[in-house]
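Visitor: I'm new to this one. Could you walk me through how to read it?
Guide: Sure, let's take a look together.

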Amino acid sequence: MSDPFETQSDAAFAPSRAPYAIVPNDTEQLALVPKGIYVGTGGDIVLRGIDGTTDVIYRNLPDASFVAVRALYVRATGTTAADLVGEA
């Protein structure tokens, strides 16, 4: 397969190169810090950003939305959104 962008460096604003399913967990950090989070099924997401000192709640996210946040944790408690994909 040819990739015309293989010589380009990755950046936070670049398209995802390694998307992965996010399973919310109250104590475990995400395996990879995502560039953002795709929300398949809407609801709330409780998370902590990579430079955050406390958790925040993104409320009432619609289906098929995108949260532009580099999260360290996505908590199970309080998270009602589902089908989350980390854009890494």
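Visitor: Where do I start, and which strands do the five bridges join?
Guide: Strands of a sheet pair through backbone hydrogen bonds, either parallel or antiparallel. Here, five bridges link strand S2 (residues 36–41) with strand S7 (residues 82–87), and the two run antiparallel. Strands are DSSP runs of E with at least two residues, numbered from the N terminus, while helices are runs of H or I with at least four residues. Two strands count as paired if DSSP finds at least two bridges between them.

Visitor: And what kind of model is this?
Guide: This is a predicted model, where local features need pLDDT of at least 70 and side-chain atom pairs count only at pLDDT 80 or more, while totals for chains, interfaces and linings use all residues. Residues are numbered from 1 along each chain as its sequence is written, and side-chain values use heavy atoms, with hydrogens and water left out.

Visitor: Which residues of S7 stand opposite those of S2?
Guide: Try tracing them on the model. Glycine 36 has glutamate 87 in S7 as its bridge partner, tyrosine 38 faces valine 85 in S7, and threonine 41 is opposite alanine 82 in S7.

Visitor: What is the order of the strands in the sheet of four?
Guide: That open sheet runs S1-S7-S2-S5, with antiparallel pairing. Strand S1 (20–22) and strand S5 (65–67) are at the edges with a single partner strand each, so one side of each has no neighbour in the sheet. From one strand to the next, the twist averages 35 degrees; the axes behind such angles are lines fitted to C-alpha atoms (for helices over the stretch in contact), and angles run from 0 to 180 degrees between N-to-C directions.

Visitor: How many bridges hold S1 and S5 to their partners?
Guide: S1 is joined to S7 by three antiparallel bridges, and isoleucine 22 has leucine 84 in S7 as its bridge partner. S2 and S5 also run antiparallel, with three bridges; valine 39 is matched with serine 65 in S5.

Visitor: What about the open sheet of three strands?
Guide: Its order is S4-S3-S6, again with antiparallel pairing. Strand S4 (56–61) and strand S6 (71–75) are the edge strands, each pairing on one side only. Strand S3 (residues 43–49) is joined to S6 by four bridges, and leucine 47 is opposite valine 74 in S6.

Visitor: How many helices and strands does the chain have?
Guide: The count is zero helices and seven strands. Along the sequence that reads β-β-β-β-β-β-β, and the C-alpha trace spans about 45 × 25 × 15 Å along its principal axes.

Visitor: How do I read a pocket, and which residues line the largest one?
Guide: Rolling a probe the size of a water molecule over the atoms shows where empty space is left. A pocket is an open set of points on a 1 Å grid over the protein atoms alone where a 1.4 Å probe fits, with protein on both sides within 12 Å along at least five of seven lines; lining residues have an atom within 4 Å of a point. In this model the largest pocket is lined by Asp3, Phe5, Gln8, Ser9, Asp10, Ala14, Pro15, Ser16 and Arg17.

Visitor: Which charge lies over the face of tyrosine 73?
Guide: Arginine 75 does, at 4.1 Å from the ring centre. A charge sits over a ring if NZ of Lys or CZ of Arg is within 6 Å of the ring centre and within 35 degrees of the ring normal.
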